[in-house]
Structures are given as structure tokens and as C-alpha cells.
Amino acid sequence: MKKTELKIRKFGDASLRKRSVPVKKITAEHRDILSAMAQLMYEDGGIGLASSQVGIGEAMIVVDTGSCLYKVVNPKIVMCRGTQVNLEGCLSVPGVNIKVKRARKIKLTGLDENGQPLNLEAENLLACVFQHEIDHLKGKLIVDYASFLEKIKIARALKELKKKAEHENMSEPGTKSGKLQL
């Protein structure tokens, strides 16, 4: 996929619900996609973006909460400690914010864009963003964390987003889905 084809997919787009597959071998194309994902994330004011949010089925994320850009291939959380609850938003689900309970501190493994092993520790906001993006790779969205009352409150917004996504998919054959804003 050419990086110029990347766009944030919205709620209702089927690619947001697909589980990503591991990258077998990191190539120049993967590095280009990661760079394009980071650029798109910055342009849209996000602090994280998963490959599934741009319609790519291989497991890759980019995250930047203000101190460092992380490009992680095949990310996996190997340790969680503590809890935190944050009001999260998502560029794939614009206008919707959900309280989500997540681990306060995590350890993460994966590969960098050059195929070198990564072992990262994150806490607070950074830990939250990594968990959010990894959820995307599993086909999980913030709306899945909504309580019964929250689901009632956001039902109309989700219906409109889904209708818009269906319309966009009809005018763009073969498209997939989305990104994050916390």
C-alpha cells in the first residue's frame, strides 16, 4: 500500500474490527508506512495510531505523547501493574469519549522499524496510549468499554458515524479503517 493512500478509518469501517497479523519481515515499505502513519497522526492531532486504523492488516503502531516518537512492529504487552481510569477519545470514533480502565504501568515488547528488539516500560498516559493502540490491533475500540448508560448516550453518534463510513466505503471500493486521539 502506498503511503499516499493512508487515511484514518472511522467507526463502522470493517477493517477496525479485524485482528492484525504479525509482520513476518520488516521491509522498506513497512518503514515508509510507519513514517506515513506518524505524519498522519501528527496532522490529525493524535498521540497514537494503529495500522488497522489506516486499513493495514499487519501489526504496527506509532505513539508520541510529546516526549518521543515510538514506531513499534508486532507490539505485545508482557506485564501490567496498577490501574488508571481516563476519559479516552479516538480519531476513528470522533466526538465520542469513554471512560476506560487500563493498567497504570506496562512492559511492552516488539520490534523497532529496523527489526531490532524493543523492550519498553511505560506508565500513566504513555501506558494508556500503548494499550489503546494495541486494542486496535485486536479489533477492539473504546466503544467496547462503554457502560450500558454510555452506550445509550452515544448510540446516535455511532449510528451517524457508521452511516458515513458505509457511504465512504461505497464511493471508495476496497477501503478499510482508522486512528486515536486521547
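**Reading the pocket and the cores**

The largest pocket is lined by 19 residues, and those nearest its centre are Pro 75, Lys 76, Ile 134, Asp 135 and Lys 138. The model is predicted.

User: How do I read a pocket, and what volume does the largest pocket have here?

Analyst: Rolling a probe the size of a water molecule over the atoms shows where empty space is left. In this model, the volume of the largest pocket is about 340 Å³.

User: Which elements give two or more residues to the lining of the largest pocket?

Analyst: They are S3, strand S5 (97–102) and H2. S3 gives the largest share of the lining, five residues.

User: What classes of residue make up the lining of the largest pocket?

Analyst: Count them by class. There are 10 nonpolar, six charged and three polar residues.

User: Now the interior. How do I read a nonpolar core, and how many residues has the largest one?

Analyst: A core is a set of buried residues of nonpolar kinds, joined through side-chain atoms within 4.5 Å. The largest one here has 19 residues. Ile 61, Val 63, Tyr 70, Val 72 and Phe 130 have the most contacts inside it.

User: Which elements each supply at least two residues of this core?

Analyst: Strands S2 (60–63), S3 (70–81), S6 (105–111) and S7 (117–123) do, as does helix H2 (124–137). H2 supplies the largest share of this core, six residues.

User: Take Val 72. What is it in contact with, leaving aside neighbours within four places in sequence?

Analyst: Val 72 is in contact with Ala 59, Met 60, Ile 61, Gly 110, Leu 111, Leu 118, Leu 120 and Phe 130.

User: Which residues does the second core include?

Analyst: That separate core has 18 residues, among them Val 23, Ala 38, Leu 49 and Met 60.

Definitions and conventions:
Residues are numbered from 1 along each chain as its sequence is written. This is a predicted model: local features need pLDDT of at least 70, side-chain atom pairs count only at pLDDT 80 or more; totals for chains, interfaces and linings use all residues. Side-chain values use heavy atoms; hydrogens and water are left out. Buried means under 20% relative accessible area, exposed over 50%, partly exposed in between (1.4 Å probe, protein chains only). Helices (H or I, at least four residues) and strands (E, at least two) are DSSP runs, numbered from the N terminus. Contact means heavy atoms within 4.5 Å. On a 1 Å grid over the protein atoms alone, a cavity is a set of points where a 1.4 Å probe fits but cannot get out, and a pocket is an open set with protein on both sides within 12 Å along at least five of seven lines; lining residues have an atom within 4 Å of a point. Grid points are joined across faces, edges and corners, and a volume is the space filled by probe spheres set on the points. Ala, Val, Leu, Ile, Met, Phe, Trp, Tyr, Cys and Pro count as nonpolar, Asp, Glu, Lys and Arg as charged, and the others, Gly among them, as polar.
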